[in-house]
Amino acid sequence: MCDRWGIAHSRFLGGDGRWSELDRAKALAWRSWQHGMCPECRTRLAEWDPEHGGDPHAYVPDTVRCPGCEVIEQERDQVPEGRPGYGVKIQLLPRADYVHRHNER
């Protein structure tokens, strides 16, 4: 959370918000930790590698159905073929926001 909000860890814990040496060390360690992860599956190579204390069966795939992602994929199928997809974004809006936005026009 601290990285999203751009605040010191000590501030998150209720401190005054000044960045201490420990806060900076934690932020750099967190950044290093994040850079060591696969951007797609969010695992670390060492977790899979027995030579680095990992296990080739460290994770098990699990299928999860997300209704939101399903709706996005269905809408993506409605984009006409041959039309470049560059810049076309499909987003989910709460129904009330959608209705409000389209009633303003």
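Me: Why is Asp23 said to have no salt bridge?
Reply: A salt bridge asks for a side-chain nitrogen of Lys or Arg within 4 Å of a carboxyl oxygen of Asp or Glu. The nearest side chain of opposite charge to Asp23 is that of Lys26, 5.4 Å away, so the 4 Å limit is not met. For charge, Lys and Arg count as positive and Asp and Glu as negative, while His and the chain ends are not counted. Asp23 is also buried, a word that means under 20% relative accessible area, with exposed over 50% and partly exposed in between (1.4 Å probe, protein chains only).

Me: Good to know. What kind of model do these values come from?
Reply: It is a predicted model, in which local features need pLDDT of at least 70, side-chain atom pairs count only at pLDDT 80 or more, and totals for chains, interfaces and linings use all residues. Side-chain values use heavy atoms, with hydrogens and water left out, and residues are numbered from 1 along each chain as its sequence is written.

Me: What makes the link between the side chains of Asp23 and Ser10 a polar contact?
Reply: The two side chains are joined at 2.7 Å. A polar contact is a pair of N or O atoms within 3.5 Å; within protein, one must be able to donate a hydrogen and the other to accept it, and residues adjacent in sequence count only if both atoms are side-chain atoms. The 2.7 Å pair therefore meets the distance limit. Asp23 lies in helix 3 (residues 21-35), where helices (H or I, at least four residues) and strands (E, at least two) are DSSP runs, numbered from the N terminus. Setting aside neighbours within four places in sequence, Asp23 is in contact (heavy atoms within 4.5 Å) with Ala8, His9, Ser10 and Arg18.

Me: How do you know that Asp16 forms a salt bridge with Arg18?
Reply: Their closest N and O atoms are 2.5 Å apart, so the pair meets the salt-bridge limit. Asp16 counts as exposed because its relative accessibility is 52%, and Arg18 is exposed too, at 64%.

Me: Why are Glu21 and Arg24 about one helical turn apart?
Reply: Because they sit three residues apart in helix 3. They form a salt bridge, with closest N and O atoms at 2.7 Å. Glu21 is exposed at 59% relative accessibility, whereas Arg24 is partly exposed at 36%.

Me: What makes Glu73 partly exposed?
Reply: Its relative accessibility is 42%, so it falls in the in-between class. Its salt-bridge partner is Arg76, the closest N and O atoms being 2.6 Å apart. Both residues belong to helix 5 (residues 67-76). The structure holds four salt bridges, among them this one.

Me: Why does Arg44 count as having no salt bridge?
Reply: Glu47, the nearest side chain of opposite charge, is 5.6 Å away, so that pair misses the limit as well. Arg44 is buried, and its side chain reaches the backbone oxygen of Trp33 at 2.6 Å. Beyond residues up to four places away in sequence, Arg44 touches Trp33, Gly36 and Met37.

Me: How do you know that Cys66 is in no disulfide?
Reply: A disulfide is a pair of cysteine sulfur atoms within 2.5 Å, and the count here comes to zero. For Cys66, the nearest cysteine sulfur, that of Cys69, is 3.7 Å away, so it fails the test. Cys66 is partly exposed at 36% relative accessibility, while Cys2 is buried at 16%.
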